[in-house]
Amino acid sequence: MNFESVTQIKVGLCFGEDTVPVARLAKRDHKIYFEYDPSFIDQELGISPVKCPLRPGVQSFDPFLFEGLPGVFNDNLPDGWGRLLLDRKMQSLGVMPDQISPLDRLAYVGHTGMGALVYEPDHTEEIVGESINLDTLATHAEQVLVGEASDVLQELLMLNGSSAGARPKAMIGVHQNRQDIVHGTHQLPADYQPWLVKFSNVNDGLDAGAIEYVYALMAVDAGLEMEETMLFPAQKGAGYFATRRFDRRDGMRLHSHTACGLLHSDFRTPSLDYEDLIALTMILTKDIREAEKMYRLAVLNVLSHNRDDHAKNFSFLMDRTGEWKLSPAYDLTFSSGPRGEQSTMVMGQGKNPSISDLVKLGLEAKLLKQTINDILEQTKAALTKWRTLAKEHDVSQTNIDLIAGKITAADA
């Protein structure tokens, strides 16, 4: 892989086989400019209606937020693990991270990103149908994290796509038998589905995957919509958490956009309230049922002590007709959050949002009092299964006790 710096990027939208031109991004004097293609404006498919409405002319944004990128395209840039991989690879070629612009990074996303947006030039490399071993990938990821790997960077980079978050992860294809696994960033062979698998980072315990899997089981029991999840067996630890990708459906792509990108909200600086997210849901979907889904997610996050509920952990999906829906829930697990607070507040409360705060949130969202009570009770009942499910899936006793105490405290 050779580094080719780019000054322009063509953006397209690909729901299936055909790609339609969306916009052009250009860099000049360290600033990024953005302009919709006139033909795309005529289609009235608002890919980012809050901050990037469809209108002619050149636009630019705050250079200190997303390095000047519009949020809708910044959503496609990997952060954490994916950024580390590209930076390490570029350093091996003698290119320092500060020499890599956001447009360069989009070129290394190309056609492999989350959602339906694609970018040209495309500097990705394609591997189709090649079998992979999860234990081997986990070992390679560990080597990268401790700075001991160079020859495995390219494979891990190709497997990353544009997945976000700090934990190492890979885009994979999983056979219908749920055993055979191949590279999953490009076109998959027949009978394979697109999935994402996570590995532990240096701060995780060996049961991190099992904890997230149990949280997924409890979330479904609490009435949340989630894609299918699995806990793949591992040589070391309780297993690898994996989930089917929600941005791919029946061989088609869906446009995916985070609350972070929609609102131009810096997810590293907690500033949102679930009241904002429910309002955003109504603006996009115009459907109280989708708002109820967001409320249900707020209840689960608060009562399960998932305090890493930042703006990138809420996404919306748009199909080719322009219809928006809240995405299935994802990244649900036990976490302490910034300074021990919820990353997203509940009616202004971040430190210890209470049941009464959740009730106020539901009433503010115009939900029926009975609906609010039913959601609270269903979620509490689902979380009572923590100890049993955690023990079944080999979560350590220390973490079982710790998390049980936090769940009980949140319910008080």
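Let me start with Ala410, which, once its neighbours within four places in sequence are left aside, is in contact with Val302 and Leu303. Ala410 sits in helix H14, which covers residues 397-410, and at 17% relative accessibility Ala410 counts as buried, because the threshold for that word is under 20% relative accessible area. I should say at once that what we are looking at is a predicted model, and every value I quote is computed from it. For a sense of distance, Ala410 and Asp287 are separated by 123 residues in sequence and by 29 Å in space, taken from C-alpha to C-alpha.

From there I would like to move to the nonpolar interior. In soluble globular proteins, nonpolar side chains tend to be buried together. In this model the largest nonpolar core has 93 residues, and those with the most contacts inside it are Leu25, Ile47, Phe73, Tyr295 and Trp386. The element that gives the most to this core is helix H10, residues 288-303, with nine residues. Apart from this core lies another one, of 27 residues, which includes Trp81, Ile132, Ala170 and Phe232. Coming back to Leu25, and again leaving aside neighbours within four places in sequence, its contacts include Thr7, Gln8, Ile9 and Val11, then Ile32, Tyr33 and Phe34, and further along the chain Leu69, Pro70, Phe73, Leu103 and Leu106.

Helix H10 comes up again when we turn to helix H11, residues 355-364, whose buried residues are Ile355, Asp357, Leu358, Val359, Leu361 and Gly362. What covers these buried residues of H11 includes helix H9 (274-285), H10 and helix H12 (369-383). After H11 comes Lys366, whose phi is positive, near 70°.

That brings me to the backbone. Most residues other than glycine have a negative phi, and most peptide bonds are trans. Where, then, does this model have a cis peptide bond? One is the bond from Glu120 to Pro121, with omega near 5°, and Pro121 is placed in the loop between strand S5 (117-120) and helix H5 (134-145).

As for positive phi, His305 has a value of about 60° although it is not a glycine, and it lies in the loop between H10 and strand S14 (315-318). His305 is buried, with a relative accessible area of 9%. Arg178, also a residue other than glycine, has a phi near 65°, and its place is the loop between S6 and strand S7 (181-183). Is Arg178 buried or exposed? At 19% relative accessibility it counts as buried, since the cut-off is under 20%.

Close to Arg178 in sequence there is His175, found in strand S6, residues 169-175. His175 is buried too, with a relative accessible area of 18%. A polar atom of its side chain lies 3.0 Å from the backbone nitrogen of Asn177, and, not counting residues up to four places away in sequence, His175 touches Asp180, Asp191 and Tyr192.

Finally, the empty space. Rolling a probe the size of a water molecule over the atoms shows where such space is left. The second largest pocket holds about 790 Å³ of space. Its lining is made up of 29 residues, of which Gln187, Pro194, Arg248, Gly251 and Met252 lie nearest its centre. Strand S8 (192-198), strand S11 (248-249) and strand S12 (252-253) are the elements that give two or more residues to this lining, and S8 gives the most, with three residues. By class, the lining of the second largest pocket divides into 10 nonpolar, nine polar and 10 charged residues.

As to enclosed space, the structure holds four cavities of 30 Å³ or more, and in the second largest of them there is about 60 Å³ of space. The residues lining that cavity include Ser265, Asp266 and Phe267, the run from Thr269 through Pro270 and Ser271 to Leu272, then Asp309, His310 and Ala311, and also Ser343 and Thr344. In terms of class, the lining of the second largest cavity has four nonpolar, six polar and two charged residues.

Notes:
Residues numbered from 1 in each chain as written. Predicted model: local features only at pLDDT ≥ 70, side-chain atom pairs only at ≥ 80, totals over all residues. Heavy atoms only, no water. 1 Å grid on protein atoms, 1.4 Å probe; cavity = no way out; pocket = protein on both sides within 12 Å on 5 of 7 lines; lining within 4 Å. Points joined across faces, edges and corners; volume = space filled by probe spheres on them. Helix = DSSP H or I, 4+ residues; strand = E, 2+ residues; numbered from the N terminus. Nonpolar A, V, L, I, M, F, W, Y, C, P; charged D, E, K, R; others polar. Core = buried A, V, L, I, M, F, W, Y, C linked by side-chain atoms within 4.5 Å. Buried < 20%, exposed > 50% of the residue type's maximum accessible area, 1.4 Å probe, protein only. Contact = heavy atoms within 4.5 Å. Polar contact = N/O pair within 3.5 Å; in protein donor to acceptor, adjacent residues only side chain to side chain.
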